[in-house]
Amino acid sequence: QAHMVESGGGSVQLGGSLRLSCEASGFSLDYYTIGWFRQVPGKEREGVSSISKSGRSTIYADSVKGRFTISRDHAKNTVYLQMNSLKPEDTGTYYCAITTRSYDPDNGLFERWYDDWGQGIQVTVSS
């Protein structure tokens, strides 16, 4: 089973920034489409962003467009989620997920598209 570790979470104030990282160990992320999701207690997991294997194609949830940027560094075997202008509604546990399926903007923000998940990391935005 693939193993990914998220890092970079924490607590920030309204308008602050964080950069989440999803690093893989024991395998290369080059062969995977990557997604970022978030979840708050009592709610379903929400797709935030997805990036193709090449890194040339990306999609974002409407709620984060213009504020979040997904990217990948093949040399570091890591995918990032830069989060700017954070709002309290961005609070949640953030997960990275991988799939060998090709990038698909119609499915990339759905849980069912992905095969393996990181353990999650908490992001808290206070007002």
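Rings of Phe, Tyr and Trp, the last through its six-membered ring, are taken as a pair if their centres lie within 6.5 Å. In this predicted model, ring pairs of that kind tie F37, Y114 and W117 into a cluster. The count of aromatic pairs comes to four. One of them is F37 with Y114, an edge-to-face pair at 5.3 Å centre to centre and 80 degrees between the planes. That pair bridges distant parts of the chain: F37 belongs to strand β4 (residues 33-39), Y114 to the loop between β9 and β10 (116-117), and the two positions lie 77 residues apart in sequence terms. Both F37 and Y114 are buried. The other link in the cluster joins Y114 to W117, with ring centres 6.3 Å apart and planes at 65 degrees, so this pair is edge-to-face too. Y114 has a relative accessibility of 6% and therefore counts as buried. W117, on the other hand, comes out at 24% and so counts as partly exposed.

Two arginines also sit over aromatic rings. The charged end of R101 is placed over the ring of W113, 5.2 Å from the ring centre. R112 lies over the face of F110, with 4.5 Å to the centre of that ring.

Turning to covalent links, the structure has one disulfide. It is formed by C22 and C96, whose sulfur atoms are 2.1 Å apart. The torsion about the S-S bond of C22 and C96 is about 60 degrees, so the disulfide is right-handed. This is again a link between distant parts of the chain, with C22 in strand β3 (residues 18-25), C96 in strand β9 (residues 92-99) and a separation of 74 residues. Both cysteines, C22 and C96, are buried.

What about the nonpolar interior? The largest nonpolar core holds 28 residues, and those touching the most other members are L20, W36, F68, V79, L81, M83 and Y94. Two or more residues of this core come from each of β3, β4, β5, β7, β8 (78-83), β9 and β11. β3 gives the largest share, four residues. For F68, contacts beyond four places in sequence are made with R38, V48, Y60, L81, Q82, M83, N84, L86, D90 and Y94.

S49 is a polar residue with no accessible surface to speak of: its relative accessibility is 0%, so it counts as buried. The residue lies in strand β5 (residues 46-51). A polar atom of the S49 side chain lies 2.8 Å from the backbone oxygen of I59. Beyond four places in sequence, S49 is in contact with I34, G35, W36, I59, Y60, I70, L81 and L109.

R67 tells a similar story from a loop, the one between β6 (58-60) and β7 (68-73). With 11% relative accessibility, R67 falls under the 20% limit and therefore counts as buried. A polar atom of the R67 side chain is 3.0 Å from the backbone oxygen of S85. Apart from sequence neighbours within four places, R67 is in contact with Q82, M83, N84, S85, L86, K87 and D90.

S85 itself deserves a look for its backbone. Its phi is positive, about 50 degrees, although S85 is not a glycine. S85 is found in the loop between β8 and β9. At a relative accessible area of 41%, S85 is partly exposed. N77 also has a positive phi without being a glycine, near 55 degrees. N77 is located in the loop between β7 and β8. Its relative accessibility is 16%, so N77 counts as buried.

Finally, there is I121, in strand β11 (residues 121-126). I121 has a relative accessible area of 16% and so is buried. Setting aside neighbours within four places in sequence, the contacts of I121 are E6, S7, G8, G9, L20, G92, T93 and Y94. As for Y80, 41 residues from I121 along the chain, the two C-alpha atoms are separated by 13 Å.

Conventions: Residues numbered from 1 in each chain as written. Predicted model: local features only at pLDDT ≥ 70, side-chain atom pairs only at ≥ 80, totals over all residues. Heavy atoms only, no water. Disulfide = S-S within 2.5 Å. Buried < 20%, exposed > 50% of the residue type's maximum accessible area, 1.4 Å probe, protein only. Contact = heavy atoms within 4.5 Å. Polar contact = N/O pair within 3.5 Å; in protein donor to acceptor, adjacent residues only side chain to side chain. Phe/Tyr/Trp six-rings, centres within 6.5 Å; stacked < 30°, edge-to-face > 60°. Lys NZ or Arg CZ within 6 Å of the ring centre and 35° of its normal. Core = buried A, V, L, I, M, F, W, Y, C linked by side-chain atoms within 4.5 Å.
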